[in-house]
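Biologist: I'd like to learn how to read empty space and a few secondary structure features in a model. Can we go through one together?

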Amino acid sequence: MSADISFRSVSKVFQVRGEGAFTAVDGVDLDIAAGEFAVLVGPSGCGKSTLLDLLGGLTEPTSGEILLNGRPVAGPGPDRSTVFQQYALLPWRTAQGNVEFGLESIGVPRRQRAARAREYLALVGLTGFEDRHPHELSGGMKQRVAIARSLAYDPEVLLMDEPFAALDAQTRESLQDELRRIWQRTGKTVVFITHGIEEAVYLGGRVAVLTSRPGRVKQVVPIDLGDRSAAQDLRSSPEFARYRHEIWSLLHDEVSRAQQLEREVSAA
C-alpha cells in the first residue's frame with residue numbers, strides 16, 4: 001500500500017533558550033501523490049529534516065496541518081518508516097536480527113518474522129548475508145539492511161533523510177539504482193531528502209526546491225527522463241543536464257542567502 005500526503009500551510013517555530021524563537025519552515029504547501037517518489041532539496045538549514053520529522057509525527061506543526069490519506073498526522077505510526085543517514089543498526093544483532101527488530105515491536109510471530117526478514121534482505125540484494133553482524137558489512141550493505149528493516153513491516157510511506165550522504169560515489173550510485181528498483185517493485189510513497197542536485201534529478205519523479213530558512217516551497221520541478229530501466233547512462237543525457245541546471249539555478253540564490261544569514265548570525 002501507499003499513501004497520499006498533503007502539507008497545508010505548515011509552519012514550525014522553535015523556541016531556543018537564550019535566543020528566542022526561530023522559524024524553520026513557513027507556510028509550506030505541498031501535495032504528494034500515493035506511490036510517488038518525491039525529493040526535497042534545498043540549502044543547509046532550510047528545514048528539510050524538520051518537514052520529515054513533522055510528516056513522521058515526531059514533532060507537531062506550529063500552524064497548518066499535514067494529512068495522510070486525508071487524515072491529520074497526530075504522531076508516529078507504523079504507516080510511516082524512516083531511513084536515516086546513520087544506519088542505526090543494533091551492533092549485537094545480525095542483519096536478519098536487525099530486520100526482525102521492527103517486526104517484533106508490532107507483534108509479528110517469530111516464524112513469520114524470520115521469513116519476512118529473509119524476503120526483504122533478498123529484496124535489497126543481501127541474500128547470503130543474513131548472519132553477518134554490522135561490523136562485518138560495508139557502509140552500503142549496512143544501509144541496505146536499514147532499508148530492508150524499514151520496508152519489512154510494510155509502511156505506506158518511506159521517509160529517507162539523506163540516506164546515502166555518507167557513502168562513496170560509486171556505492172551511492174549503485175544504491176540509487178537499487179532504491180528505484182525497490183520503489184518500482186513495492187509502489188511505496190517515498191519522500192527523500194538530499195543536498196545533491198544530481199541525486200534529486202536521478203531519483204525524483206518530482207523535485208520540490210525549498211528556499212533558504214525559513215523554508216518555503218520555491219518551485220516543484222517534474223522530472224521526465226523516459227524509460228529509466230534502459231541500459232543507458234542517464235546522468236550523461238542532455239535531458240538530465242537540463243533538469244540539473246534548472247534545479248541548480250533555483251537553488252543558487254537560496255544558497256547565497258543562507259550563507260549570508262550564517263555570516264550575519266556569526267557576526268552578531
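Biologist: How many cavities of 30 Å³ or more does the count come to?

Modeller: Keep in mind that this is a predicted model. As a general idea, rolling a probe the size of a water molecule over the atoms shows where empty space is left. Here the count comes to one cavity of 30 Å³ or more. The largest cavity has a volume of about 40 Å³.

Biologist: Which residues line the largest cavity?

Modeller: The lining is made of Leu52, Asp53, Gly56, Leu58, Thr82, Phe84 and Leu159. Helix α1 (residues 48–56) gives the largest share, three residues. Sorted by class, the lining has four nonpolar residues, two polar ones and one charged.

Biologist: Now the open spaces. What volume does the largest pocket have?

Modeller: The largest pocket holds about 300 Å³ of space. It is lined by 16 residues, and the closest to its centre are Ser81, Thr82, Arg149, Ser150 and Tyr153. You've met Thr82 already, in the lining of the largest cavity.

Biologist: Which elements supply at least two residues each to the lining of the largest pocket?

Modeller: Those are β6 (80–83), α2 (95–105) and α4 (139–152). As for chemistry, the lining of the largest pocket splits into seven nonpolar, seven polar and two charged residues.

Biologist: And what about the second largest pocket, what is its volume?

Modeller: That one comes to about 170 Å³. Of its 14 lining residues, Arg172, Gln176, Gly196, Glu198 and Glu199 are the closest to the centre. Two elements, α5 (169–186) and α6 (197–203), give two or more residues to this lining, and α5 has the largest share with four. By class, the second largest pocket is lined by four nonpolar, four polar and six charged residues.

Biologist: Back to α4. How do I read a helix's length, and what span does α4 reach?

Modeller: Take the distance from the first C-alpha to the last and set it against the expected value. α4 has 14 residues and reaches 20 Å, close to the 20 Å expected at 1.5 Å a residue.

Biologist: Is α4 largely enclosed or largely open, and why?

Modeller: Count the residues under 20% relative accessible area, the cut-off for buried. In α4, 11 of the 14 residues are buried, so the helix is largely enclosed by the rest of the structure. Among the buried ones are Gly140, Gln143, Arg144, Ile147 and Leu151. Arg149 and Ser150 are buried too, and you saw both among the residues closest to the centre of the largest pocket. The cover over the buried residues of α4 includes β6, α2, α3 (110–123), β7 (157–161) and α5. After α4 comes Asp154, which has a positive phi near 60°.

Biologist: Let's do strands. In which sense do β1 and β2 pair?

Modeller: Look at the bridges and the direction of each strand. Strand β1 (residues 5–16) and strand β2 (residues 20–32) pair in the antiparallel sense, over nine bridges. Val10, for one, stands opposite Val28 in β2. The two strands form a hairpin with three residues between them, and Gly18 in the turn has a positive phi of about 85°.

Biologist: One last residue. Where is Asp227 found?

Modeller: Asp227 is in the loop between β10 (217–222) and α7 (238–267). Its relative accessibility is 48%, so Asp227 counts as partly exposed, given that exposed means over 50%. Glu178 is 49 residues away along the chain, and the C-alpha atoms of Asp227 and Glu178 are separated by 16 Å.

How values were computed: Residues numbered from 1 in each chain as written. Predicted model: local features only at pLDDT ≥ 70, side-chain atom pairs only at ≥ 80, totals over all residues. Heavy atoms only, no water. 1 Å grid on protein atoms, 1.4 Å probe; cavity = no way out; pocket = protein on both sides within 12 Å on 5 of 7 lines; lining within 4 Å. Points joined across faces, edges and corners; volume = space filled by probe spheres on them. Nonpolar A, V, L, I, M, F, W, Y, C, P; charged D, E, K, R; others polar. Expected span 1.5 Å × (residues − 1). Buried < 20%, exposed > 50% of the residue type's maximum accessible area, 1.4 Å probe, protein only. Contact = heavy atoms within 4.5 Å. Pairing = 2+ DSSP bridges.
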